Amino acid sequence: MTGQWRPETLPLHLCSVNIFISLWCGIKPNKLAANILYALCLPGAAVALLSPTWCALPIANFFHIDSEMLHILLVCYPVMLLAGGFKPEIKMLPKVLAVLAGMLVVIYPVNKILGTNFFFINDPYGNVITSLCTSIFGENLFLIGYIIILLLLFVLMYTPFTVIEIRNKHKSRA
């Protein structure tokens, strides 16, 4: 009624969805939620902090402060899971990607209907990363850049844990 809430303020960005996944993981700890938070929330929130879209707001604005704090907490939660003994499993990655695909199947039409850009998949100029992907692949194929970046991130994020797991198996055999 006041006009201050618009469709783009709905909690449908990846980081907003990860708030609910964090809640799910906190209430009922499970491997799927923890792996989603590690694989999607941690890098997504870190990228948001490195290339924030809320900087147009004054620094003392509630939404600016809220966005900064939210994304810091979304980075901290998976880090705390790791500190608490959680070990990401590469075999969970297909399930994590299936969850991501399910979210995208819902978000894409929502974006079209509401004229929004949740997950930055409808407008290639949403942030620094999408703009970079657009400059390399063009406006029609910028999502290919997302896939390449995601694959590179997964290699960087899962390689140390895979190497440690392989070493531990070899040590236990010796």
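Where in the chain is the place of F120? In this predicted model, F120 sits in the loop between α4 and α5, and its phi is near 55°, a positive value in a residue other than glycine. F119 lies in the loop between α4 and α5 as well, with α5 covering residues 128-137, and the phi of F119 is near 65°, again a positive value in a residue that is not glycine. Most residues other than glycine have a negative phi. F119 is also counted as buried, because its relative accessible area of 9% falls under the 20% limit. We return to F119 below, once the framework around this loop has been set out.

That framework is helical: the chain has six helices and zero strands, so that, by the assignment used here, reading along the sequence gives the pattern α-α-α-α-α-α. Along its principal axes the C-alpha trace spans about 65 × 35 × 30 Å. Of the 174 residues of the chain, 32% count as buried, and the accessible surface comes to about 10900 Å², with 73% of that surface belonging to carbon and sulfur atoms. Among the contacts in the chain with a separation of 6 or more, 57% are accounted for by residues 24 or more positions apart.

Turning to the interior, the largest nonpolar core has 30 residues, and those that touch the most other members are A39, L40, M103, F119 and Y158. The elements that give two or more residues to this core are α1 (14-27), α2 (31-50), α3 (62-83), α4 (93-114) and α6 (142-173), and α2 gives the most, with ten residues. In soluble globular proteins, nonpolar side chains tend to be buried together. F119, the loop residue with the positive phi, is thus met again among the core members with the most contacts to other members. For L40, the partners can be listed once residues up to four places away in sequence are set aside: L40 touches L14, N18, V96, L100, M103 and F154.

One of these partners, N18, deserves a closer look. N18 is placed in helix α1, and N18 is buried, because its relative accessible area is 0%, where buried means under 20%. Leaving out residues up to four places away in sequence, N18 touches I36, L37, L40, C41 and L74.

How do the helices themselves pack? Two packed helices are described by the angle between their axes and the distance between the axes. For α1 and α3, the axes come within 11 Å and cross at roughly 40°, and α1 passes α3 in a left-handed crossing. On the α1 side the meeting residues are C15, N18, I19, S22, C25 and G26, while on the α3 side they are L70, H71, L74, Y77 and L81. By class, this contact of α1 with α3 has seven nonpolar, four polar and no charged residues.

The pairing of α2 with α3 has its own geometry, with a packing angle of about 145° and axes 8 Å apart, and here α2 passes α3 in a left-handed crossing. The α2 residues in this contact include L37, Y38, C41 and L49, and the α3 residues that they and their neighbours in the list meet include E68, H71, L74 and L82. The residues of the contact of α2 with α3 divide into 17 nonpolar, one polar and one charged. M69, which is found in helix α3, is partly exposed, because its relative accessible area of 45% lies between the limits of 20% and 50%. M69 and L49 are 20 residues apart in sequence, and their C-alpha atoms are 9.7 Å apart in space.

Finally, the loop between α3 and α4 contains P88. Is P88 buried or exposed? P88 is buried, because its relative accessible area is 4%, which is under the 20% limit. Setting aside residues up to four places away in sequence, P88 touches N35, Y38, L82, Y158 and F161; of these, Y158 has already appeared among the core residues that touch the most other members, and Y38 and L82 were listed in the contact of α2 with α3. P88 and L37 are 51 residues apart in sequence and 9.8 Å apart in space, C-alpha to C-alpha.

Conventions: Residues are numbered from 1 along each chain as its sequence is written. This is a predicted model: local features need pLDDT of at least 70, side-chain atom pairs count only at pLDDT 80 or more; totals for chains, interfaces and linings use all residues. Side-chain values use heavy atoms; hydrogens and water are left out. A nonpolar core is a set of buried Ala, Val, Leu, Ile, Met, Phe, Trp, Tyr and Cys residues joined through side-chain atoms within 4.5 Å. Buried means under 20% relative accessible area, exposed over 50%, partly exposed in between (1.4 Å probe, protein chains only). Helices (H or I, at least four residues) and strands (E, at least two) are DSSP runs, numbered from the N terminus. Contact means heavy atoms within 4.5 Å. Axes are lines fitted to C-alpha atoms, for helices over the stretch in contact, and angles run from 0 to 180 degrees between N-to-C directions. A crossing is left-handed if the near helix is turned anticlockwise from the far one by less than a right angle, and right-handed if clockwise. Ala, Val, Leu, Ile, Met, Phe, Trp, Tyr, Cys and Pro count as nonpolar, Asp, Glu, Lys and Arg as charged, and the others, Gly among them, as polar. Accessible areas come from the Shrake-Rupley method with a 1.4 Å probe; for residues, only the protein chains shown count as cover.
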